[in-house]
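Me: Could you take a close look at one part of this model for me? I'd like to hear about one long helix and whatever sits around it.

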Amino acid sequence: MESILTSGLEQGLLYCFMVLGVFITFRVLDFPDLTVDGSLPLGAAVTAALVANGQSPLTATLAGVGAGLCAGVVTGLLHIVLKSGESDATNYGPKLLAGILTMTALYTVNLRVMGRSNTPLLNVETLFDKLAAFLSVSMTNWQTIAALAVLAVLVKYVLDWFLHTEFGLCLQATGDNEQMIRALGTNTDFTRVIGLSLANGLVALSGSLVAQQQGFADVGMGIGTIVAGLAGVIMGEVLFGMRSISWVLFSVVGGSIVYRLLIAVSLRLGIAPTDLKLLTAALVVIALAVPTVRRKVVRA
Amino acid sequence: MSAAALEIKGLRKVFFPGTANQVVALEQIDLAVPQAQFVSIIGSNGSGKSTLLNATAGTFPLTAGSIELDGRDVSKLAEHVRSRFVGRVFQDPRAGTAPSMTIEENLAIALMRCKRSGLRRGVTKQRRALMREQLGPLGMGLEERLGAEVNKLSGGQRQALSLVMSTIAEPRLLLLDEHTAALDPKVAATIMELTGAIVAEKRLTTLMVTHNMELALRWGDRLIMMHGGRIVLDLDAEQKKRLGVSDLIAKFHEVAGEAFAVDRLLLD
């Protein structure tokens, strides 16, 4: 029982940065960004390659995040080219295509970065080992969870601060009413590029941490990231509410944890790991249907 | 020598040039608007009045001609650059505000118009005080609800907020695109009163497009009538004062010289 709880919490916190990234693209920017399927393994691959080559895990993690930031910029620039001057915010075609192109290109990049499809990190020092040495404790599951929780809270507050700066407000408005914010003198192409970059940096951070925690980076580890991220976002919003941006950032972290707990329970119940993607997709459909059904029930 | 705040010279706009859908939307528009003048622009559908406003705002590149603001040629400037000097209110009350953001966040964005947005806090104490000061005269109690999301407001309240947002940073030019047309008559009258008060108080150079002849006659110190992409009538405050709606329709008949039962329906 405890192992379900710890593994759910640990996975939920490892992936919560990715879920925050998906929240920024999907909800704040209104940009369904598929880059994340590539930027998660990108963060993992860059970190793994550097750590395996003897770099400090901290440098390697930051490099992984940096790679994610760049991936987001590429998607943003592709989107500018693909929409070709047209500023119809409801046209999702160029947004989807920009993400798909970057994601596909990143598959090759990730293989090239690692030089193979899987890089083990067994006898090298990871960020978690480093932290354990620094605090001179042995990292049990609970210690790892505590460390990740501290990082999650920190990232949450930095994001919250950023979204309420002048630039952050313009970024929010870019997703909320692009015509208006353009009429108020903001270059929405620029705010979008920065938003996408930030989001994919967060996704890559999750990738980097996951690789170091599980002891390997794999080129296939990003498949379904977007759906898992959406599952976290939607479950967080439905379960914990969305009364303000500050609040919903917490909700989304909570959603990430609940989602991973559900996965841990499903695995314990004997569901094959290969069936999880289908299960996740079904979860997203159910979570999406809840508000509609609730409305129908209330009306009836 | 020219004291014009806005000067449009030889403006021409052709949509879809060289195709079967080619439309000449604006033809040889020359217009000089002095500082602090309030111009009403009327015309039927397709007369080019909204296109003129969009051309001034920089929504699309011009086919020919130039637009100067305070003597500076802005015709090559991108829309978001130009909009640092140009405030706009659209017909749709939803167009001018960000719905899921709060009133104070919307206003903070409007206040940042002239400046590059940085990493300072968007909503500050100082800005809040300024916001209350600007919202108070609306008489809608919005100054007490700064933290409320805009999608909780009525259409009239949203349009009043749009109006404050577009004028709070004192733009060089205010463009009103049928900004009361989507509101019910009572609310529309309130918004128009507020518009008149704000424009007069801040001495804003203003172009207001409208379908409504009565509105055009009552407000503004100059009236321009457009037809077929051209300015067909240009009346100053004195001439305007002597005119009634029926005179205006007669004038329209005269200059347009076409049967226009449809237009008449719209204009009444």
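What follows is a walk along one helix of chain A and then outwards from there.

Reply: Sure, let's go with helix H9 of chain A, residues 188-214. One caveat before we start: this is a predicted model.

Start with the overall geometry. H9(A) has 27 residues, and at 1.5 Å a residue they should span 39 Å; the C-alpha atoms at its two ends are 39 Å apart, so expectation and model agree. How much of H9(A) is buried? The helix is mostly covered, with 22 of its 27 residues counted as buried.

Now the two ends. At the start of H9(A), A:Asn187 has a side-chain oxygen that comes within 3.1 Å of the backbone nitrogen of A:Asp189. Just after the other end sits A:Gly215, with a positive phi of about 90°. Helix H11 of chain A shows something along those lines: A:Gly270 follows it, and its phi is positive too, near 95°. H11(A) runs over residues 245-268, and its 24 residues should span 34 Å at 1.5 Å a residue; the end C-alpha atoms are 35 Å apart, which agrees.

Back to the start of H9(A), and to charges. A:Asp189 also belongs to a salt-bridge network that links it with A:Lys83, A:Glu178 and A:Arg192. So what about rings in this region? A search over all chains finds five aromatic pairs. In one of them, the rings of A:Phe167 and A:Phe190 have their centres 5.9 Å apart and their planes at 80°, so this is an edge-to-face pair. A:Phe167 comes from helix H7 of chain A (residues 166-176) and A:Phe190 from H9(A), so the contact ties together parts that are 23 residues apart in sequence. The two partners differ in cover: A:Phe167 is buried because its relative accessible area is 8%, under the 20% cut-off, whereas A:Phe190, at 46%, is partly exposed. The pair doesn't stand alone, either: ring pairs link A:Phe162, A:Phe167 and A:Phe190 into a cluster.

Helix H7 is worth a stop of its own, since it takes us across to chain B. Which residue of chain B meets A:Glu166 in a salt bridge? That's B:Arg127, with 2.9 Å from N to O. The pair crosses between chains, running from A:Glu166 in H7 of chain A to B:Arg127 in helix H4 of chain B, residues 125-135. Are its two ends buried or exposed? A:Glu166 is buried, with a relative accessible area of 3%, and B:Arg127 is buried as well, at 13%.

For context, the structure holds 18 salt bridges over all chains, and some have partners with quite another setting. In chain A, A:Lys130 and A:Glu125 meet at 3.8 Å, N to O. A:Lys130 is partly exposed at 37% relative accessibility, and A:Glu125 is partly exposed at 39%. In chain B, the side chains of B:Lys152 and B:Glu149 form a salt bridge at 3.7 Å, N to O. There, B:Lys152 counts as exposed, because its relative accessibility is 55%, while B:Glu149 is partly exposed at 22%.

Since you may want something to set against all that covered surface on H9(A), have a look at helix H4 of chain A, residues 93-114. A nonpolar patch lies on the surface here, made of A:Leu82, A:Tyr92, A:Leu96, A:Leu97, A:Ile100 and A:Leu101, with about 430 Å² of accessible area together. H4(A) gives the most to this patch, with four residues. A:Leu101 lies in that helix and counts as partly exposed, at 40% relative accessibility.

One last thing on backbone angles, as we've already met two glycines with a positive phi. Most residues other than glycine have a negative phi. A:Asp30 goes the other way, with a phi near 55°. A:Asp30 sits in the loop between helices H1 (2-28) and H2 (36-52) of chain A and is partly exposed, at 25% relative accessible area. In chain B, B:Ala36 also has a positive phi, near 70°. B:Ala36 lies in the loop between strands E2 (23-34) and E3 (38-43), and counts as buried because its relative accessibility is 19%.

Conventions
Residues numbered from 1 in each chain as written. Chains lettered and ligands numbered in written order. Heavy atoms only, no water. Patch = residues over 30% accessible without salt bridge, like charges linked within 9 Å, V, L, I, M, F, W, Y side chains within 5 Å. Areas by Shrake-Rupley, 256 points an atom, 1.4 Å probe, with all protein chains shown as cover. Salt bridge = Lys/Arg side-chain N within 4 Å of Asp/Glu carboxyl O. Buried < 20%, exposed > 50% of the residue type's maximum accessible area, 1.4 Å probe, protein only. Expected span 1.5 Å × (residues − 1). Polar contact = N/O pair within 3.5 Å; in protein donor to acceptor, adjacent residues only side chain to side chain. Phe/Tyr/Trp six-rings, centres within 6.5 Å; stacked < 30°, edge-to-face > 60°.
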